[in-house]
Amino acid sequence: MDGELGHPDLLRRVVDGIAKLRRHADRGVEVLPPEVEVHITVGEGSVQVIERFVNDPAFDREVEAGLRNKLVRAREDRMPVRRYFVKAGKRTQVSVKEAPPKTYHLRIDGGERAGNEVNLQGEKRVFLVGRGPWHGDDQQVSNDVVVSETEKAISRRAARLHRVSGNFEIEALDQGEALVVARPDGQRLRPALSASGRVPVHPGDIIEFTDGAKTVLTVHLEEA
């Protein structure tokens, strides 16, 4: 290998690689692709270390902060979705390329909206989730994802689903500990009890809305 790749150097290379893909729109506004792939090559012994870096949502938040600092004329709500790929090789390298956007939807299972699918638009970064059309009782902000119109065990202001890098994270709001992410391997995670207040959600995971004792309906994240 021609050198180790530490956290600061990795962060700098990723930010610089994404920034090189910028284009200029009207009035000098800098525009980035909607989605990018970041390919990282390191020595065999470093693959797991680098994978831990890039799989940590905190690293991707650092990348976004670095992009905002570097591209001061870019819109903050138009930062690209980042997908990271790590492999072993003889030469340390970080390359970034534009990627075709992936599309996802949420499928509701249970309740009067069973079978409904909600598309997660690629340009949005935060989706408000809850019961009924309004995200709260003051009727000032609307829900992006209405999981039920009538189920009282589900809060109007239940949760936020965040698009982070190539994945999603869910944050429990008024739903609190009654919101659970169930993994295919049997793990059951409560965002309200996590250190960050969020839990990653991947295609195949199930978001459970409970009344504190039993599940009242579920929402499935699926690639469209």
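**Local environment of V54 and D205 and the order of a six-stranded sheet**

V54 is placed in helix α2, which spans residues 47–55. The structure described here is a predicted model. With a relative accessible area of 8%, V54 is buried, because this value falls under the 20% cut-off. Neighbours within four places in sequence being left aside, the contacts of V54 are with L10, I40, F59, Y84 and V86. I18 lies 36 residues from V54 along the chain, and the C-alpha atoms of the two residues are separated by 15 Å.

Six strands form an open sheet in the order β7-β6-β16-β15-β12-β13, and their pairing is antiparallel. The edges are occupied by β7 (117–120) and β13 (188–189); each has a single partner strand, so one side of each is left without a neighbour in the sheet. Within this sheet, β6 (residues 104–109) pairs with β16 (residues 215–223) in the antiparallel sense, over six bridges. D109 has T218 of β16 as its bridge partner.

D205 belongs to the loop that connects β14 (198–201) with β15 (206–210). This residue counts as buried, because its relative accessibility is 3% and the cut-off for burial is under 20%. The side chain of D205 is joined to that of R183 by a polar contact of 3.0 Å. In addition, a polar atom of the D205 side chain lies 2.8 Å from the backbone nitrogen of H202. Beyond four places in sequence, D205 is in contact with V181, A182, R183, P184 and P200, as well as with V219, H220 and L221.

How values were computed
Residues are numbered from 1 along each chain as its sequence is written. This is a predicted model: local features need pLDDT of at least 70, side-chain atom pairs count only at pLDDT 80 or more; totals for chains, interfaces and linings use all residues. Side-chain values use heavy atoms; hydrogens and water are left out. Helices (H or I, at least four residues) and strands (E, at least two) are DSSP runs, numbered from the N terminus. Buried means under 20% relative accessible area, exposed over 50%, partly exposed in between (1.4 Å probe, protein chains only). Contact means heavy atoms within 4.5 Å. Two strands pair if DSSP finds at least two bridges between them. A polar contact is a pair of N or O atoms within 3.5 Å; within protein, one must be able to donate a hydrogen and the other to accept it, and residues adjacent in sequence count only if both atoms are side-chain atoms.
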